[in-house]
Each structure stands twice: as C-alpha cells, then as structure tokens.
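Could you walk me through how this protein is put together? I would like to follow the helix packing, the cores and a few individual residues.

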Amino acid sequence: MKLTVRVKLLPTPGQARALEATLHACNEAANHGSVTAFATGTTRNRELRAFAYTHIKHTWGLGAQAAQHVIKKTSDAYAALRGNLRAGNLGRAGSKRHTAATGKPIVFRPNSAQPYDDRMLSWQADRQTVSIRTTAGRLKHLAYTGHEGQLELLARYRQGESDLQHRNGQWYLLATLELPEGAQNPDPQTFIGVDLGIANIATTSTGRRHSGRRLNRTRENDTALRARLQKRGTRSAKRRAKRHAGKEARRTRDINHKISKHIVAEAQRTGRGIALEDLSGIRERVRLRKPQRVTINSWAFGQLGAFIEYKARRAGVPVVHVDPAYTSQECSRCHHIDKRNRPHQAVFTCTSCGFVEHADVNASHVIGRRGWWLWVRGAESQAPALTLIA
C-alpha cells in the first residue's frame with residue numbers, strides 16, 4: 001500500500017538559495033518542454049525526450065536524471081489533461097473551460113514540485129539529513145524534521161521517488177512509502193454504514209455523529225476574511241492572505257484524520273467492515289444555487305473517504321462502496337423509498353411504516369445494509385465442495 005509522508009527541510013540560507021534556483025530552473029525547463037509538446041503535438045515521454053532533452057540539459061545546467069524527470073513531469077501533465085478531457089471534467093468541446101485548457105501550453109509555476117529519484121536524493125535516516133543534487137552541486141547534510149511516527153515509517157518503508165516542494169516560504173520533501181497491509185478480516189460480522197454530509201461530516205450506523213457545525217462556521221469566517229482581503233488589495237492584505245492560505249485545508253485535514261481514525265478503530269475492535277457511498281462525480285451531478293455550490297465544492301468528502309480507506313487497509317478492515325442512489329429516501333426498517341420520507345433536512349419519517357429517525361442515522365443504516373449485501377454477493381462461498389459419487 002502506497003502512502004505519502006511530508007517532512008520539513010531545515011536548510012541554511014545558502015542551501016535554501018540553491019534549492020530555489022534548482023526548482024526555478026526545473027520549472028522553466030518544464031515550461032520549455034510544454035511549449036515544445038504543444039507546438040509539435042508530441043506529449044509522450046519517450047518521443048518528447050527526443051525533441052527537448054539535449055536543449056533542456058545544457059540550457060538550464062541540469063543533470064541527465066533531472067532533465068529526464070522534467071520531461072516526464074511535462075508528459076504526465078498532458079496525460080492528466082487528456083484524462084480530464086475524456087472524463088468531461090473540463091466541459092464539452094468548444095466550451096469556455098475546454099478551450100482555455102486546450103488552447104495553450106500547460107504552464108508550470110516557478111515553485112511547482114519537482115520529483116527526485118534515488119540517484120539525485122539520498123536519505124540518512126539515522127542523522128535525519130538528506131543529500132540532494134542541485135544546479136549548484138550536491139548539497140550534503142541537509143537536515144529535516146517531522147512527526148515521530150512518520151519518521152519511523154519513513155526509515156522503514158520509503159521507496160521510489162520523492163518530490164521537492166516549496167510552499168509559504170518553507171521547504172518540504174514528499175516521500176513515498178510502501179506499507180504492508182494488515183491481514184484482512186475475511187468474515188466481518190456486519191458493516192458500519194458511514195453517511196457523509198455537510199451538516200454532519202460523518203454519521204455511522206453505530207449512532208455516532210461527527211458534527212460539521214464548527215467546521216462550517218469556521219469555513220464561512222475564512223471565506224469572508226478572504227473576500228475582505230481581496231477587496232482591500234493592499235500589500236499588507238496580500239501578506240495576510242498568504243499567511244492565512246492553507247490554514248483551512250490543514251484544519252480540515254486534521255479533522256478528517258481524527259474522524260477516520262475513530263471509525264476504523266471501531267470497525268476493527270468490533271470485527272465489522274465499513275460501507276461508504278460511491279460519491280465520485282457528485283459535484284458534476286448535482287444542481288445547486290451559488291451559495292450551496294461554494295459549500296459542496298469545499299466539502300472534503302473525498303479526502304475523508306480516502307483516509308478511511310487507507311487506515312482500514314492497514315488495519316485489515318474490509319471496505320466496500322455502495323450505490324448512493326436514494327439512500328436518503330429509503331427507510332432502514334421497511335425499505336420503502338419516497339422523497340416525501342424527508343420532510344426536513346434532519347428528519348426522516350417513513351410514509352409507509354411510520355418509522356421516525358434522524359435522517360443521517362437512517363441513511364447510515366441503509367448504507368451499512370447495502371454494504372453487507374454487496375459483500376455477501378461478492379464473497380467466495382465458505383461451504384465445503386460437494387463430492388459427486390457415481
């Protein structure tokens with residue numbers, strides 16, 4: 001199982017200048033590769049290397065490995081663009097968004113992350129330092145720090161490439177780990193249904209509701225502050241907005257980590273699996289008013305689902321994704337489906353059997369039941385094989 005860990009670099013002023021010069025050179029070279037790819041229509045890694053490798057290597061003073069990684073980064077960016085176009089994430093052909101995305105070369109910011117492999121970057125986990133190649137030569141004894149648990153995982157399971165990142169004046173390395181998965185529970189007793197929402201971030205069929213009231217209120221305050229600073233437009237306002245950038249994302253990430261940890265721990269302790277709704281593409285499917293669009297676009301349900309999945313895999317807890325259709329309208333007792341079953345956002349009242357429950361709790365029970373049946377239908381039979389006697 002792959003996991004990414006971010007560690008903070010602690011460079012000296014001289015080391016920081018060398019890192020910055022290297023990152024800028026790599027992204028300038030990537031922009032040249034992007035222009036070449038756009039002009040020639042050559043976006044595949046091997047073909048693009050024939051056009052741009054020699055020029056990039058000599059013009060920006062990059063080593064052979066760095067030049068190849070720059071070209072691969074450019075090729076990967078165009079591959080991601082093609083994937084988004086095929087999925088319809090950028091609108092139909094001829095639309096404004098589609099034309100803006102395809103009508104010019106992809107541009108890389110000066111501080112866009114740059115991948116490093118083991119030839120360009122080596123780790124000294126016992127001393128918490130790295131040795132990294134730059135345009136000014138190899139920097140040795142570059143210190144890093146991080147959470148104690150993450151550093152232990154880094155020392156044991158790091159594999160593959162790491163990305164150099166510069167954000168808000170700080171330097172980071174994003175390292176890839178290959179973690180062993182826990183032995184999966186082959187016979188879960190039942191499934192904990194998890195209903196993801198806005199008023200309640202997560203509601204489980206065990207009766208636990210993780211309220212989103214505080215997070216939503218803080219998010220509204222952040223949005224209002226950002227609007228005021230943008231309207232003011234002064235240098236001090238821009239500096240404050242820059243300092244504030246990312247604070248909301250870090251807060252949301254921390255909350256999602258705590259919620260997912262609690263859900264997975266409960267499932268592991270009770271011998272149950274976890275059932276989640278398949279909410280992929282929900283932003284494109286739903287039609288909402290503008291204030292509601294702002295809310296749902298800042299709703300980190302995908303992140304929470306991903307956290308639950310990877311924590312469950314490490315703990316050996318089975319996870320299934322169910323069809324989300326009508327989960328908010330189906331009665332968990334008699335399974336009658338009717339949109340009138342939801343007279344209010346938080347209230348579920350079945351028009352068939354009269355069952356009354358909190359709407360999110362009812363939906364979580366429906367999700368848990370669907371997860372159980374999905375697991376039963378997909379699981380291998382545990383019955384002994386029949387022996388036919390002639």
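Let's begin with helix 8 (residues 247–270) and helix 11 (residues 301–315), which pack at an angle of about 40° with their axes 9 Å apart. This is a predicted model, so please read every value here as computed from that prediction. An angle between 35 and 65 degrees falls in the oblique class, and helix 8 and helix 11 are therefore oblique to each other. Their crossing is right-handed. On the helix 8 side, the residues that meet helix 11 include Thr 252, Asn 256, Ile 259, Ile 263 and Gln 268. Helix 11 answers with residues including Leu 304, Phe 307, Ile 308, Lys 311 and Ala 315. Sorted by class, the residues of this contact are 9 nonpolar, 6 polar and 3 charged.

Now turn to helix 1, residues 13–40, which packs against two other helices described here. With helix 2 (residues 45–59) the angle is about 145° and the axes are 10 Å apart. Helix 1 passes helix 2 in a right-handed crossing. Ala 29, His 32, Gly 33, Thr 36, Ala 37 and Thr 40 make the contact from helix 1, while Leu 48, Phe 51, His 55 and Ile 56 make it from helix 2. This contact has 5 nonpolar residues, 5 polar residues and no charged ones.

The second partner is helix 3 (residues 64–87), whose axis comes within 9 Å of the axis of helix 1, the two crossing at roughly 50°. That angle makes helix 1 oblique to helix 3. Again the crossing is right-handed. From helix 1, residues including Cys 26, Asn 27, Ala 30, Ser 34 and Phe 38 meet Val 70, Lys 73, Thr 74 and Tyr 78 of helix 3. The residues of the contact of helix 1 with helix 3 divide into 7 nonpolar, 4 polar and 1 charged. Ala 29, Gly 33 and Ala 37 of helix 1 appear in the contact with helix 2, and Ala 29, Gly 33 and Ala 37 are also listed in the contact with helix 3.

Which residues touch the most other members of the largest nonpolar core? They are Leu 9, Ile 56, Leu 62, Trp 123 and Leu 164, in a core of 52 residues. Helix 1 gives the most to this core, with 9 residues. Leu 62 shows some of these links in detail: beyond its neighbours within four places in sequence, Leu 62 is in contact with Ala 25, Cys 26, Ala 29, Ile 56, Lys 57, Ala 67, Val 70 and Thr 135. Apart from the largest core lies another one, of 17 residues, among them Ala 202, Ile 259, Ile 274 and Val 317. You have already met Ile 259 as one of the helix 8 residues that touch helix 11.

Next, look at Thr 204, which sits in strand 9 (residues 200–204). Is Thr 204 buried or exposed? Its relative accessibility is 0%, so Thr 204 counts as buried. Setting aside neighbours within four places in sequence, Thr 204 is in contact with Ile 192, Gly 193, Val 194, Ile 263 and Ser 364. For Gly 193, which is 11 residues away along the chain, the C-alpha separation from Thr 204 is 5.5 Å.

Glu 330 belongs to the loop between strand 12 and strand 13. At 6% relative accessibility, Glu 330 counts as buried. Beyond four places in sequence, its contacts are His 335, His 336, Ile 337, Phe 348, Asn 362, Val 366, Arg 369 and Arg 370. From C-alpha to C-alpha, Glu 330 and Leu 62 are 60 Å apart in space, and 268 residues apart in sequence.

A last stop is the backbone. Most residues other than glycine have a negative phi. His 141, however, has a positive phi near 60°. This residue lies in strand 5 (residues 137–145), and at 59% relative accessibility His 141 counts as exposed. Tyr 326 also has a positive phi, near 65°, and is found in the loop between strand 12 (319–322) and strand 13 (347–349).

Finally, step back to the whole protein. There are 12 helices and 14 strands, and the C-alpha trace spans about 75 × 70 × 45 Å along its principal axes. Of the 390 residues, 39% count as buried. Among contacts with a separation of 6 or more, 63% come from residues 24 or more positions apart.

Note on methods:
Residues are numbered from 1 along each chain as its sequence is written. This is a predicted model: local features need pLDDT of at least 70, side-chain atom pairs count only at pLDDT 80 or more; totals for chains, interfaces and linings use all residues. Side-chain values use heavy atoms; hydrogens and water are left out. A nonpolar core is a set of buried Ala, Val, Leu, Ile, Met, Phe, Trp, Tyr and Cys residues joined through side-chain atoms within 4.5 Å. Buried means under 20% relative accessible area, exposed over 50%, partly exposed in between (1.4 Å probe, protein chains only). Helices (H or I, at least four residues) and strands (E, at least two) are DSSP runs, numbered from the N terminus. Contact means heavy atoms within 4.5 Å. Axes are lines fitted to C-alpha atoms, for helices over the stretch in contact, and angles run from 0 to 180 degrees between N-to-C directions. Angles under 35 degrees count as roughly parallel, over 145 as roughly antiparallel, 65 to 115 as roughly perpendicular and the rest as oblique. A crossing is left-handed if the near helix is turned anticlockwise from the far one by less than a right angle, and right-handed if clockwise. Ala, Val, Leu, Ile, Met, Phe, Trp, Tyr, Cys and Pro count as nonpolar, Asp, Glu, Lys and Arg as charged, and the others, Gly among them, as polar.
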